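Me: I have a model open and some labels I want to test. Take me through how each one is earned.

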Amino acid sequence: MKDVIIACDFSNGAEVLAFLDKFALCARKPFVKIGMELYYGAGPDIVRQIKARGHKIFLDLKLHDIPNTVRKTMKVLAALDVDMTNVHAAGTIDMMRAAVEGLTRADGSRPVLVAVTQLTSTSEDRMQKELLINAGIAQTIAHYASNAKEAGLDGVVCSPLEASIVKEACGKEFVAVTPGIRFADSAADDQRRVTTPAMAREIGSDYIVVGRPITASADPVESYRRCVKEFLNEII
Ligand code: C5P
């Protein structure tokens, strides 16, 4: 199930709700990503409020702790009824398995669970020098993605340019959630390795995560429509 996810990187609940009001007449309810800044600032109630408006939610909290803590925390997030959430693959297979257990509801259902392999802000040089990981970054990403698959996760967050490495290592059903999306005619901001929504579709992304090209646009609804048209081939 492919979709366009809007990264709602606002610092408070009022701002994000005012932003989402603009989509009231849009034919498609955007899938919304809530990150650490908004969650820690506004608390779990903002998740409930956005959910009550009918949006799907990717709660991007990137958990990384001992398995028991991650299991219990995931249980709390599952009760919030989010649609997608994530952990760091660096927490090990045991930690990722604990995340799956905690997230799984009594009826066996659970939100989509993806792992962060290496953050796109981590260069190969720093990974090798500071984290003492001697493999190359592509090999590391493929290996972490395989660990995530072994632990029972649904996919990973990666740059669109890494999606093909992940699909090769884990199969085409393994989900690639990809930020770093820019329109051909817009600024890259602080993102380095970017692709257009149309290119992300070609490369095989399942979900694109788009922030500033929509949130900082003069016409966010029109920019969202453009993403949906390029990535999903749907006119809304
Ligand atoms: O504004 P922009 O489109 O760059 O936002 C991208 C979103 O995806 C932000 O919320 C950012 O934190 C997130 N992200 C990313 N790169 C990663 C993981 C998450 O840009 N590797």
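Me: Start at the ligand. What makes the Gly211 backbone a polar partner of the ligand?
Reply: This is a predicted model, so everything here is computed from its atoms. A backbone N or O atom of Gly211 lies 2.8 Å from an oxygen atom of the ligand. The cut-off for a polar contact is a pair of N or O atoms within 3.5 Å, so the pair qualifies.

Me: Which side chains place a polar atom 2.7 Å from an oxygen atom of the ligand?
Reply: Asp9 has a polar side-chain atom 2.7 Å from a ligand oxygen. Arg212 also has a polar side-chain atom 2.7 Å from an oxygen atom of the ligand.

Me: How much of the ligand does the protein bury?
Reply: Taken alone, the ligand exposes 470 Å². The protein buries 83% of that.

Me: Which residues are around the ligand?
Reply: They include Ala7, Lys33, Thr120, Pro179, Arg182 and Gln191. Val209, Val210 and Pro213 are also among them.

Me: Now Arg28. Why is Arg28 called buried?
Reply: Its relative accessibility is 17%. Buried means under 20%, so Arg28 counts as buried. Arg28 sits in the loop between helix 1 (13-21) and strand 2 (31-35).

Me: Which side chains make polar contacts with the side chain of Arg28?
Reply: One is the side chain of Asp3, at 3.0 Å. Another is the side chain of Glu234, at 2.8 Å. The limit is 3.5 Å, so both distances fit.

Me: What else does Arg28 touch, beyond residues up to four places away in sequence?
Reply: The list includes Lys2, Tyr224, Val228, Leu232 and Ile236.

Me: How far is Arg28 from His55 in space?
Reply: They are 9.6 Å apart, C-alpha to C-alpha. In sequence they are 27 residues apart.

Me: Turn to Asp3. Is Asp3 buried or exposed, and how do you know?
Reply: Asp3 has 6% relative accessibility. The cut-off for buried is under 20%, so Asp3 is buried. Asp3 lies in strand 1 (residues 3-7). Outside its sequence neighbours up to four places away, Asp3 touches Phe31, Asp206, Tyr207, Ile208 and Phe231, among others.

Me: What makes Phe231 a buried residue?
Reply: Its relative accessible area is 1%. That is under 20%, so the label holds. Phe231 belongs to helix 11 (residues 220-232).

Me: Which residues is Phe231 in contact with, leaving aside neighbours within four places in sequence?
Reply: Among them are Lys2, Asp3, Val4, Pro197, Ala200 and Arg201. Ser205, Asp206, Tyr207 and Ile208 are also in contact with Phe231.

Me: On to helix 4. How does its reach compare with the expected one?
Reply: Helix 4 (residues 67-79) has 13 residues. At 1.5 Å a residue, 18 Å is expected, and helix 4 reaches 19 Å from first C-alpha to last. That is close to the expected value.

Me: Which residues of helix 4 are buried?
Reply: Val70, Met74, Leu77 and Ala78 are.

Me: Why do the buried residues of helix 4 line one face?
Reply: Seen down the helix axis, they fall within an arc of 95 degrees, so they line one face of helix 4.

Me: What lies on the face of helix 4 turned away from its buried side?
Reply: Exposed residues: Lys72, Lys75, Val76 and Ala79.

Me: What do the buried residues of helix 4 pack against?
Reply: Helix 2 (36-42), strand 3 (57-63), strand 4 (84-88), helix 5 (93-103) and strand 5 (112-116).

Me: And which residues are buried in helix 5?
Reply: Met95, Met96, Ala98, Ala99, Val100, Gly102 and Leu103. Their cover includes helix 4 and helix 7 (137-150).

Me: Last, the backbone angles. What is the phi of Lys62?
Reply: Phi of Lys62 is near 45 degrees, a positive value in a residue other than glycine. Lys62 lies in strand 3.

Me: Why is Thr92 called partly exposed?
Reply: Its relative accessible area is 43%. Partly exposed runs between the 20% and 50% cut-offs, so Thr92 fits. Thr92 is in the loop between strand 4 and helix 5. Its phi is positive too, about 85 degrees, although Thr92 is not a glycine.

Key
Residues numbered from 1 in each chain as written. Predicted model: local features only at pLDDT ≥ 70, side-chain atom pairs only at ≥ 80, totals over all residues. Heavy atoms only, no water. Helix = DSSP H or I, 4+ residues; strand = E, 2+ residues; numbered from the N terminus. Expected span 1.5 Å × (residues − 1). Buried < 20%, exposed > 50% of the residue type's maximum accessible area, 1.4 Å probe, protein only. Arc of directions from axis to C-beta. Contact = heavy atoms within 4.5 Å. Near = heavy atom within 4 Å. Polar contact = N/O pair within 3.5 Å; in protein donor to acceptor, adjacent residues only side chain to side chain. Areas by Shrake-Rupley, 256 points an atom, 1.4 Å probe, with all protein chains shown as cover.
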